[in-house]
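Q: Can you walk me through this structure? I'd like to start with the aromatics and then turn to the ligand.

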Amino acid sequence: MNIVLLGAPGSGKGTQSHFLCKEFDLTHLSTGDLLRNEIAKQTPLSQNILETINKGHLVSDELIADLVKKTIEESHTKGLLFDGFPRTQVQAQLLDSILEILNMRLDLVINLLVSREKVIERIVNRYTCIKCGAIYNTLTKPWDSSTKCDSCGASEFKQRSDDREEVVLERYKIYQDQCETLKDYYGGDRGIIFPVDGDQDVSVVWDDIKRETTKRLGR
Ligand code: ADP
C-alpha cells in the first residue's frame with residue numbers, strides 16, 4: 001500500500017506519519033527530511049536549499065524529483081508513505097509515473113485539514129530535543145520544569161530555522177495555493193482522497209486515519 005499524506009505545515013503530518021508507518025509497515029519518505037539531510041551533508045547545493053527553505057519557498061521540482069527517485073529506487077519496500085510530497089501538480093504527475101514504472105500504485109491520499117490559527121500556534125512554539133528529536137510545544141506540551149527531555153533526559157532543545165512566524169505565514173500561503181490543485185488532481189474520478197479534520201486531538205485524528213486506511217486496505 002502506498003499513501004500520500006497532504007497537509008499544511010504544522011498540520012501534524014510528522015506525528016501521524018509515525019503512527020501510520022508503524023501500524024501499516026510503511027517506509028517514511030519525507031521530502032523535508034531529505035532536504036535537511038542534503039543541507040547537513042554540505043554539498044554544493046546545500047546553501048541554495050537552505051536559503052529557499054528559510055524564505056518559506058518551495059525548492060525546484062527537478063531537485064525534488066531526483067531526491068525522491070533515488071530514495072524510492074533504494075528503498076526495496078512493500079509500501080511507502082509520502083510526507084510533504086507531492087506539493088505541486090508536476091510532482092504529483094511525477095509520482096504517478098515513478099510508481100507506474102515500478103508496477104506500483106497510489107492507494108490513498110489523506111488530506112489533513114487545519115486552520116491557519118492552529119498552524120501558527122503549533123509551529124512558532126515548536127521545539128525539538130537536540131538529542132532524540134522528540135517534539136515539544138512551549139504552550140501545549142512543554143518539557144519538564146528541570147528543562148530535561150522526557151524521552152531521553154537531554155537538556156538542549158532547538159527550533160527549526162524556518163519555524164519563525166513570518167516564514168510560517170509564507171509557507172502556509174504557498175501550501176494553500178498548491179493544495180487546491182492537488183485536491184482536484186486526486187479527487188474527481190480517481191476518488192482516492194480522504195479529508196481529515198486535523199484541528200482535533202492527535203488521538204482522534206489518528207482514529208480517523210486508521211479507520212479509513214484499514215477500510216481501503218480491506219483488512
Ligand atoms: P512543512 O510541511 O512543515 O513545511 P517540511 O519538512 O515538509 O515541513 O518542509 C520544509 C520545507 O522544505 C518546505 O517549506 C519547502 O521549502 C521544502 N520542501 C519540502 N518538501 C518539498 C517539496 N515536495 N517540494 C518543494 N519543496 C519542498
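The chat below covers ring pairs first and ligand contacts second.

Q: What kind of model is this, experimental or predicted?
A: This is a predicted model.

Q: How many aromatic pairs are there in the whole structure?
A: A search finds seven.

Q: Take Y136 and F157. What is the geometry of that pair?
A: The ring centres are 5.5 Å apart and the planes stand at 85 degrees, so the pair is edge-to-face.

Q: Which parts does that pair tie together?
A: Y136 is in strand 6 (residues 135–137) and F157 is in strand 7 (residues 157–158), so the pair links parts that are 21 residues apart in sequence.

Q: Are Y136 and F157 buried or exposed?
A: Both Y136 and F157 are buried.

Q: Which residues form the aromatic cluster?
A: Y127, Y136, W143 and F157 form one cluster.

Q: What lies over the face of Y136?
A: K141 does, at 4.6 Å from the ring centre.

Q: On to the ligand. Which residues come nearest?
A: K13, T31, R36, H57 and R171, out of the 18 residues around the ligand.

Q: What polar contacts does the ligand have with K13, V59 and R160?
A: A side-chain N or O atom of K13 is 2.8 Å from a ligand oxygen. For R160, a side-chain N or O atom is 3.2 Å from a ligand oxygen. V59 uses a backbone N or O atom, 3.2 Å from a ligand nitrogen.

Q: How much of the ligand does the protein bury?
A: The protein buries 97% of the 550 Å² that the ligand exposes when taken alone.

Q: Which element gives the largest share of the shell?
A: Helix 2 (residues 31–40), with four residues.

Q: And the shell by class?
A: Six nonpolar, six polar and six charged residues.

Technical notes: Residues numbered from 1 in each chain as written. Predicted model: local features only at pLDDT ≥ 70, side-chain atom pairs only at ≥ 80, totals over all residues. Heavy atoms only, no water. Phe/Tyr/Trp six-rings, centres within 6.5 Å; stacked < 30°, edge-to-face > 60°. Helix = DSSP H or I, 4+ residues; strand = E, 2+ residues; numbered from the N terminus. Buried < 20%, exposed > 50% of the residue type's maximum accessible area, 1.4 Å probe, protein only. Lys NZ or Arg CZ within 6 Å of the ring centre and 35° of its normal. Near = heavy atom within 4 Å. Polar contact = N/O pair within 3.5 Å; in protein donor to acceptor, adjacent residues only side chain to side chain. Areas by Shrake-Rupley, 256 points an atom, 1.4 Å probe, with all protein chains shown as cover. Nonpolar A, V, L, I, M, F, W, Y, C, P; charged D, E, K, R; others polar.
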